[in-house]
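Please open the structure in your viewer and keep the sequence panel beside it. This tour suggests what to select at each stop and describes what is found there.

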Amino acid sequence: MTTSGTPSLSLAVPRRWATFDDPAPGVALVSRAPTPTPSGFTPELTLRTGPVDAPTLADWRREAMAALALQLDDLEVEDADEVDLDGEPVGYARFSHLIGGIDVVCDQWAWLRGGIGVTLTGTVARVDYADYADLFEDVAATVRTGGGVSARAPGSAPPAGARW
């Protein structure tokens with residue numbers, strides 16, 4: 001799918017997940033699993049875009065994580081690194097926090113292109129994280145920020161636990 005707020009942005013999401021384009025300012029897409037997990041939490045993918053004033057990807061991610069620490073209940077960064085996806089530097093962070101008393105884990109990837117930041121965040125209850133980590137990573141691998149369309153269209157990936 002290509003988001004309307006950022007014409008050169010595309011990604012593939014699991015076919016059966018409910019998808020909402022441009023649900024709020026700065027949020028290009030929200031996609032939710034069709035049903036909650038046994039923990040009661042519904043896994044979610046969120047794609048956000050917006051202007052970034054930081055000069056580098058690393059600076060932006062440091063500032064963003066500091067801002068999240070002020071907004072989220074019990075934020076704990078579990079992993080953070082800069083990775084390479086298809087030859088492009090991408091910030092990656094895995095962090096946890098509480099939502100309504102549920103311990104959730106987020107995998108977040110961040111791209112910085114021409115002063116525009118793009119983040120993809122996969123959120124799931126900690127007890128279900130092992131079941132969704134690969135799915136979140138597969139979706140992140142389909143994100144294209146420069147006009148190219150992902151080779152993997154929605155639903156074209158091999159089924160992973162019947163989630164695609």
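Begin by selecting helix α1, residues 57–71, which lies across β4, β5 (88–99), β6 (102–113) and β7 (116–125) and runs at about 150° to β6. Helices (H or I, at least four residues) and strands (E, at least two) are DSSP runs, numbered from the N terminus, while axes are lines fitted to C-alpha atoms, for helices over the stretch in contact, and angles run from 0 to 180 degrees between N-to-C directions. This is a predicted model, in which local features need pLDDT of at least 70 and side-chain atom pairs count only at pLDDT 80 or more, whereas totals for chains, interfaces and linings use all residues. Residues are numbered from 1 along each chain as its sequence is written, and side-chain values use heavy atoms, with hydrogens and water left out.

Now colour the whole protein by secondary structure, and you will find two helices and seven strands, following the pattern β-β-β-α-β-β-β-β-α along the sequence.

Next, select the strands, which form an open sheet of seven in the order β1-β2-β3-β7-β6-β5-β4, with antiparallel pairing; two strands pair if DSSP finds at least two bridges between them. At the edges stand β1 (18–24) and β4 (73–85), each with a single partner strand, so one side of each is left without a neighbour in the sheet. Neighbouring strands of this sheet are turned against each other by 20° on average, direction ignored. Zoom in on β1 and β2 (residues 27–32), which pair in the antiparallel sense over five bridges, and there you can see that Ser31 in β2 is the bridge partner of Thr19.

Move on to the second helix, α2 (129–140). Its 12 residues should span 16 Å at 1.5 Å a residue (the expected span is 1.5 Å times one less than the number of residues), and its end C-alpha atoms are 16 Å apart, which agrees. Select Tyr129, Tyr132, Ala133, Leu135, Phe136, Val139 and Ala140, which are buried in α2; buried means under 20% relative accessible area, exposed over 50%, and partly exposed in between, with a 1.4 Å probe and protein chains only. The buried residues of α2 pack against β3 (44–51), β4, β5, β6 and β7.

What does the largest nonpolar core contain? It has 25 residues, and those with the most contacts inside it are Leu11, Trp17, Leu47, Trp109, Trp111, Leu120 and Phe136. A nonpolar core is a set of buried Ala, Val, Leu, Ile, Met, Phe, Trp, Tyr and Cys residues joined through side-chain atoms within 4.5 Å. The largest share of this core, seven residues, comes from α2. Select Trp109 and its surroundings: among the residues that Trp109 touches (heavy atoms within 4.5 Å), not counting those up to four places away in sequence, are Leu85, Tyr92, Leu120 and Phe136.

Two further stops lie on either side of α2 in the sequence. Asp128, in the loop between β7 and α2, counts as buried at 8% relative accessibility, and its side chain makes a polar contact with the side chain of Ser39 at 2.8 Å. A polar contact is a pair of N or O atoms within 3.5 Å; within protein, one must be able to donate a hydrogen and the other to accept it, and residues adjacent in sequence count only if both atoms are side-chain atoms. Finally, select Thr142, in the segment after α2, which is buried with a relative accessible area of 1%; a polar atom of the Thr142 side chain lies 2.7 Å from the backbone oxygen of Val139.
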